[in-house]
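This report describes selected features of one protein structure. Please read it alongside the sequence and the coordinates.

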Amino acid sequence: MAKVCWPYFDPEYENFSTRINPPRVSVDNISYPDCTLIKVDSVNKPGILLEVVQILTDLDLIITKAYISSDGGWFMDVFHVTDQQGNKITDNKTIDYIEKALGPNGYNMESVKTWPGKKVGVHSVGDHTAIELIGRDRPGLLSEISAVLANLQFNVATAEVWTHNSRIACVLYLNDNSTNLAVDDPTRLSVMEEQLKNILRGCEDDKKVGRTSFSMGFTHVDRRLHQMFFADRDYEGGGVTTEVDSPPSFKPKITVERCEEKGYSVISVQCKDRAKLMFDIVCTLTDMQYVVFHATISSDGPYASQEYFIRHMDGCTLDTEGEQERVIKCLEAAIQRRVCEGLSLELCAKDRVGLLSEVTRVLRENGLTVSRAGVSTVGEQAYNVFYVRDASGNTVDAKTIEALRKEIKDTIKLNVKKIPTSAKAPEANGWAKTSFFFGNLLERFLA
């Protein structure tokens, strides 16, 4: 079969083509009674599907259906979306943002480029220093990491922590407690890096067990976490997989077939539906250098069915059994990294140095393991979300939750949510109805 490759585009010609044929974006709340229809037509370019899906998922929108076609020089997308509660998108600010972000000047928007909750910068982003950690997970590790940062007078303003296959990956944004600015003292940074490496290394002599680095490039946080795990080869399984790592109810079914007529490999994914599922799959395919030419996405109750027609960037299809198996393993890992079952603990308190250390210490002392965590700061308020299980991987009992409430007392507000096994987004019982970290921080620059 003849190879079909991406042609070379001169950057100036690509910009000229975009100016001649600017992207067209429409947000339609009339055609369907239960969802908002978003249509995007634009000149095709590598990575454009991921860019569009990334913007929609950053707004915490749920993609219930999607139809993708980008075979040739034109890119055409149709997305059926709702908010986290299953309602149409009716907020004018959100609609205006979607039209601007996906429109002709979308990626020149300063707000998109500098959104601190979604980017990993080079050494520092504004008033924050971004660091990346990856290593072997163990009970209490997050508590040890946060204790080191607190002792060095570093404040954790924003963080995202994932675990999978007995590995942990984190992206953290820090500032100096005394100045509230990025840390630029090379000596302090070197001390921090060495101490964190020692913690990640644990009792192992192998230096590859854990790695600490300052952020590289200008990359979306969720995408960067996928990249870190992919480089760490977590899809091969670095240790004993527990129920916490990979709940059986979320085991995806993935197949790879060939479309002889058009020269595509067809990847079919069937699994339990959840928020950001399409982003995780498209992100992984893109970082593995596969191009999506067509795709169909649909949700049927609690389950999702997604089909992607792909080729490698060099024009080749997945012809060997080894290639197919690798793609299947990588997609399974990408889907399962974000999966959490059990309880989520949402905590709100006045921000201060050592807050994260205090909270994670309390979780550790009560025998809880953290499978995923998010930290964000808005003004003087810190919002932490922890997805937890007990030490045996079981759901946390009411007695432990009551002990937590007593220990944190009135200084930290705690909300406990049981994560549904079939819903796309957890329902809140109390004062918070959406996740605290990153989502809804859009108002920071829409206001």
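The account below covers strand pairing, helices, nonpolar cores, aromatic contacts and cysteines. The structure is a predicted model.

**Strands 8, 9, 17 and 18**

Strand 8 spans residues 154–164, and 11 of its 11 residues are buried. The partner of strand 8 in one antiparallel pairing is strand 9 (residues 167–176), with 10 bridges between the two. Within this pairing, Val-156 of strand 8 faces Leu-174 of strand 9. Two residues separate strand 8 from strand 9 in a hairpin, and the turn includes Asn-165, whose phi is positive at about 50°.

Strand 8 also pairs with strand 17 (residues 368–378), again in the antiparallel sense, over four bridges. Here Val-161 has Ala-373 of strand 17 as its bridge partner. Strand 17 in turn pairs with strand 18 in the antiparallel sense, over 10 bridges. Gly-374 and Val-385 are bridge partners, the latter lying in strand 18. Strands 17 and 18 form a hairpin with two residues between them, where Gly-379 has a positive phi near 65°.

Strand 18 covers residues 381–390 and is largely enclosed by the rest of the structure, because seven of its 10 residues are buried. A further antiparallel pairing joins strand 18 to strand 16 (residues 342–350) over eight bridges. In that pairing, Leu-343 has Val-388 of strand 18 as its bridge partner.

The strand pairings described above are collected here.

| Strands | Sense | Bridges |
|---|---|---|
| Strand 8 and strand 9 | antiparallel | 10 bridges |
| Strand 8 and strand 17 | antiparallel | four bridges |
| Strand 16 and strand 18 | antiparallel | eight bridges |
| Strand 17 and strand 18 | antiparallel | 10 bridges |

**Helices 5 and 8**

Helix 5 (residues 141–151) is mostly covered, with eight of its 11 residues buried. Those buried residues are Leu-141, Leu-142, Ser-143, Ile-145, Ser-146, Val-148, Leu-149 and Ala-150. After helix 5 comes Gln-153, which has a positive phi near 65°.

Helix 8 (residues 277–287) is largely enclosed by the rest of the structure, since nine of its 11 residues are buried. The buried positions of helix 8 include Leu-277, Met-278, Phe-279, Asp-280 and Leu-285. Just after helix 8, Gln-289 adopts a positive phi of about 70°.

**Nonpolar cores**

In soluble globular proteins, nonpolar side chains tend to be buried together. The largest nonpolar core in this model has 51 residues, of which Ile-38, Leu-49, Phe-79, Ile-267, Met-278, Leu-285 and Tyr-308 touch the most other members. Leaving aside residues up to four places away in sequence, Met-278 is in contact with Leu-49, Val-53, Ile-63, Ala-66, Ile-68, Phe-79, Ile-297, Gln-306 and Tyr-308. Another core, of 45 residues, lies apart from the largest one and includes Ile-131, Ala-349, Leu-355 and Ala-382.

**An aromatic cluster around Tyr-264**

The whole structure holds three aromatic pairs. One of them is the tilted pair of Tyr-264 and Phe-293, with 5.5 Å from centre to centre and 35° between the planes. Tyr-264 belongs to strand 13 (residues 264–272) and Phe-293 to strand 14 (residues 290–300), so this pair ties together parts that are 29 residues apart in sequence. Tyr-264 has a relative accessible area of 3% and is therefore buried. Phe-293, at 9% relative accessibility, is buried as well.

Tyr-264 also forms an edge-to-face pair with Phe-309, at 6.0 Å centre to centre and with 80° between the planes. This pair links distant parts of the chain, as Tyr-264 lies in strand 13 and Phe-309 lies in strand 15 (residues 303–312), 45 residues apart. Both members of the pair, Tyr-264 and Phe-309, are buried. Together, Tyr-264, Phe-293 and Phe-309 make up one aromatic cluster. A charged side chain adjoins this group: Arg-311 lies over the face of Phe-293, 4.8 Å from the ring centre.

**Cysteines**

The structure contains zero disulfides. Cys-271 has a relative accessible area of 4%, which means that Cys-271 is buried. Cys-330 is likewise buried, with a relative accessible area of 1%. Cys-283 of helix 8 is also buried.

Definitions and conventions
Residues are numbered from 1 along each chain as its sequence is written. Side-chain values use heavy atoms; hydrogens and water are left out. Buried means under 20% relative accessible area, exposed over 50%, partly exposed in between (1.4 Å probe, protein chains only). Two strands pair if DSSP finds at least two bridges between them. Rings of Phe, Tyr and Trp (its six-membered ring) pair if their centres lie within 6.5 Å; planes under 30 degrees apart count as stacked, over 60 as edge-to-face and the rest as tilted. A charge sits over a ring if NZ of Lys or CZ of Arg is within 6 Å of the ring centre and within 35 degrees of the ring normal. A disulfide is a pair of cysteine sulfur atoms within 2.5 Å. A nonpolar core is a set of buried Ala, Val, Leu, Ile, Met, Phe, Trp, Tyr and Cys residues joined through side-chain atoms within 4.5 Å. Contact means heavy atoms within 4.5 Å.
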